[in-house]
Amino acid sequence: MTRLTVRNLTKSFGKIEVIRGIDLDVADGEFVVFVGPSGCGKSTLLRMISGLETISGGELWIGDRKVNEVQAAKRGLAMVFQSYALYPHLTVRQNMGFGLKVRKESPDEIERRVNEAARTLQLDKLLDRYPRELSGGQRQRVAIGRAIVGDPQVFLFDEPLSNLDAELRVHMRAEIAALHRRLGNTTIYVTHDQIEAMTLADRIVVLRDGRIEQVGSPKELYARPDNVFVAQFIGSPKMNVCPVEAIRSPLQRAGFSTGGATQAGLRPEHLRIVDEAEGILCGRVSISEYTGGGALLHVELEGAPVFLVENSGDDAPQPGDIVHLAFSGSDLHLFDAEGRACHREPELA
Amino acid sequence: MALSQPQLATVKRTCWMLSLVVVAIPFLFPFLWMISSGFKGPTEIFGEPTLIPRTWRWQNFVEVFDYQPFARQYFNSIYIACAVTVLTLLLSSLAGYALARMRFAGAALLMVFLMSALMVPEEVTIVPNFFLMKWLGVMDTHVPLILLPVFGPHGVMATFLMRQYFVALPKELEDAGKMDGLSRVGIWWKIALPMSRPALAAVAIITFLFSWNLFLEPLVFLSSLENFTLPLALSNFTDPYGAPLWHLQLAATSLAVVPILIVYLIAQRQIIESFAMSGVKG
Ligand SMILES: Nc1ncnc2c1ncn2[C@@H]1O[C@H](COP(=O)(O)OP(=O)(O)OP(=O)(O)O)[C@@H](O)[C@H]1O
Ligand SMILES: [Mg+2]
């Protein structure tokens with residue numbers, strides 16, 4: 001049973017503070033995903049957990065053991081790297097067995113565990129090849145295989161899919177999810193792809209500038225973002241945010257109270273194109289991007305910035321058309337001047 | 001008549017080959033001349049020049065060994081070059097790895113300091129080195145011939161070459177090694193070294209050659225015939241008046257190039273193989 005506990009963790013490179021006090025509890029068997037924009041410290045945090053990077057301050061517990069000073073290999077973790085980091089001079093079999101060999105397991109045991117992992121990942125036929133003789137997806141699978149043979153308590157992934165093409169990425173994503181269901185290890189996964197985060201995670205940790213912005217299930221983050229940053233980071237295309245002032249009168253006319261909020265947010269997929277009578281907001285389509293299943297409309301509202309609107313079906317309005325938009329009150333997000341969410345009374349029980 | 005594409009390629013190829021052969025002649029000719037003269041008698045060498053000897057004097061290659069302890073000298077050169085090569089590989093890869101990957105105070109300064117050693121010609125340092133070796137009591141032994149190349153400018157250059165190669169190796173591989181439980185030394189030995197075969201091969205070749213061709217140091221530090229290395233021995237095939245015995249000297253020189261060719265062939269295969277190996281990701 002492996003909980004992971006992070007208390008006020010900090011990291012500085014020289015004078016630059018990169019991780020600024022992270023608190024996090026990861027439950028046994030949980031799949032946690034770190035997301036955030038480039039340079040926010042995801043990799044650094046993961047590497048601190050792995051032991052590849054020293055910890056400047058705070059505490060890190062794996063299970064009941066404080067591991068601040070414990071060597072990487074002795075923390076009971078396995079890591080999958082973005083570049084796969086397979087040893088080019090060793091075969092797949094040797095790559096997978098390498099860690100066990102360093103730990104002086106018996107050759108029979110190594111053989112058994114490598115074969116078992118190879119079967120799990122369908123690598124049986126590739127065991128005697130060199131990494132250079134494998135495709136990207138196969139290398140990725142070997143890298144995962146190398147991680148699972150050691151039977152680690154916690155898996156760490158640092159953007160493992162970012163070197164794969166789009167199709168393979170979707171496929172490997174499903175494989176990783178399946179693997180997690182089967183093995184049930186505690187997993188921490190870094191990505192900057194929020195779709196990957198949404199589909200894989202039990203809980204998502206959104207990071208910015210070395211701080212946690214919000215922790216929660218994908219649903220929570222999507223439905224009740226704590227602040228504008230999370231609101232815009234989660235979901236694609238990103239949430240439309242504008243000053244409340246710009247749309248105050250339409251909102252009041254529709255009977256939505258805005259309280260003390262200064263910013264309002266609406267997701268493109270929650271805006272419906274309706275008749276003039278039902279419409280709350282009104283604007284002119286400036287661009288219509290065909291997306292296959294529908295179109296992504298750029299709508300210029302009166303007095304507000306351009307809103308993105310997702311329109312399904314073939315009858316998309318053309319540029320220049322005037323459209324009327326409606327939404328339900330529960331989909332309206334309100335934020336105060338600092339960008340923090342103003343949580344209203346739950347409208348629906 | 002127009003040529004088809006493959007024919008054109010063949011013609012192009014042939015032209016290239018011919019021009020390369022022409023360019024190679026000035027390089028190959030002295031070599032062939034040396035070997036052929038090694039089979040000539042002392043008079044024929046100065047007679048009408050021919051590339052194929054009129055009479056083959058095989059006994060040159062026997063006399064070479066009778067004239068002085070040539071077998072012994074040959075062995076000296078081989079074992080010294082091997083020792084220098086092995087030690088240089090070991091030290092330069094260790095030091096190069098440290099300079100490439102370990103952060104320690106004064107690393108940059110140390111690098112500058114080491115590089116400055118490259119700018120001092122050995123003729124300048126030979127005198128202090130002479131006194132040092134004398135003080136150590138190793139005159140007329142092979143110790144200076146091993147120590148000086150390993151720790152001198154040549155060793156620094158080897159270290160620099162290794163450092164440059166290590167710096168370019170992907171860091172994630174070493175992280176993977178750490179996660180697998182390797183120590184620093186383990187990473188150096190099991191990951192960095194196997195991945196650096198092209199660099200190691202290059203350093204091995206230039207080091208072996210360097211030691212093999214060393215002339216000034218043996219001249220300064222060695223005095224007894226049976227301690228001589230090949231370069232000294234070769235210059236020692238003279239008649240009682242000090243004039244070179246060309247036929248013996250050239251026969252001996254022909255023998256002396258054999259190990260170099262062997263080393264080159266072995267290391268060259270290594271270099272090519274390693275280039276094929278080194279694709280980290282596709
Ligand atoms: N060894 C280092 N020395 C100095 N600064 C570093 C070092 N490693 C990372 N940083 C800095 O720390 C910050 C966080 O880096 P990190 O690699 O963790 O970002 P990331 O969130 O993983 O970004 P990405 O999505 O691009 O991988 C960056 O600003 C980076 O410049
Ligand atoms: Mg990163």
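Helix α7 of chain B covers residues 143-151, and its buried residues are Pro144(B), Leu145(B), Ile146(B), Leu148(B), Pro149(B) and Val150(B). Buried means under 20% relative accessible area, exposed means over 50%, and partly exposed lies in between, with a 1.4 Å probe and protein chains only. The buried residues of α7(B) pack against five helices of chain B: α4 (70-101), α6 (122-136), α8 (153-168), α11 (197-213) and α12 (216-221). Helices (H or I, at least four residues) and strands (E, at least two) are DSSP runs, numbered from the N terminus.

This is a predicted model, in which local features need pLDDT of at least 70 and side-chain atom pairs count only at pLDDT 80 or more, while totals for chains, interfaces and linings use all residues. Residues are numbered from 1 along each chain as its sequence is written, chains are lettered from A and ligands numbered from 1 in the order in which they are written, and side-chain values use heavy atoms, with hydrogens and water left out.

**Chain A overall**

- Chain A has 9 helices and 18 strands.
- Its C-alpha atoms fill a box of roughly 75 × 45 × 40 Å along the principal axes.
- Of the 349 residues of chain A, 52% count as buried.
- Contact means heavy atoms within 4.5 Å. Among contacts in chain A with a separation of 6 or more, 66% join residues 24 or more positions apart.

**The two domains of chain A**

- Chain A splits into domain 1 (4-233) and domain 2 (240-335). Such bounds come from an automatic or database domain assignment.
- The centres of the two domains, taken over C-alpha atoms, are 39 Å apart.
- In chain A, 8 residues of domain 1 are in contact with 7 residues of domain 2.
- The area buried between these domains is about 620 Å², and carbon and sulfur atoms give 56% of it. Buried area is the accessible area (1.4 Å probe) that two parts lose on being put together, summed over both.
- On the domain 1 side, Tyr222(A), Val228(A) and Ala231(A) lose the most area to domain 2, together 70% of what that side buries.
- The rule finds 0 salt bridges between the two domains. A salt bridge is a side-chain nitrogen of Lys or Arg within 4 Å of a carboxyl oxygen of Asp or Glu.
- There are 3 residue pairs in polar contact across this interface, both residues at pLDDT 80 or more. A polar contact is a pair of N or O atoms within 3.5 Å; within protein, one must be able to donate a hydrogen and the other to accept it, and residues adjacent in sequence count only if both atoms are side-chain atoms.
- Helices α7 (218-223) and α8 (228-233) of chain A each supply at least two residues of the domain 1 side.

**Where chain B meets chain A**

- 20 residues of chain B are in contact with 24 residues of chain A.
- The area buried between the chains is about 2,000 Å², with 63% from carbon and sulfur atoms.
- The count between the chains is 1 salt bridge. Asp175(B) and Arg47(A) have side chains that meet in a salt bridge, at 2.8 Å from N to O.
- The rule also finds 6 residue pairs in polar contact between the chains, both residues at pLDDT 80 or more.
- On the chain B side, α9 (171-179), α10 (184-195) and α15 (258-277) give two or more residues. Helix α9(B) gives the most, with 7 residues.

**Two residues of chain A**

- Asn240(A) sits in strand β11 (residues 240-243). Asn240(A) is buried, at 5% relative accessible area.
- A polar atom of the Asn240(A) side chain lies 2.7 Å from the backbone nitrogen of Leu308(A).
- Gln263(A) is in strand β12 (residues 263-266). Gln263(A) is partly exposed, at 24% relative accessible area.
- Beyond four places in sequence, the contacts of Gln263(A) include Val228(A), Val241(A) and His333(A).

**Backbone notes**

- Most residues other than glycine have a negative phi, and most peptide bonds are trans.
- The peptide bond from Ser236(A) to Pro237(A) is cis, with omega near -5 degrees. Pro237(A) lies in the loop between α8 and β11 of chain A.
- Asp209(A) has a positive phi, near 50 degrees. Asp209(A) is in the loop between β9 (203-208) and β10 (211-216) of chain A.
- Asp140(B) has a positive phi of about 55 degrees. Asp140(B) is in the loop between α6 and α7 of chain B and is partly exposed, at 21% relative accessibility.
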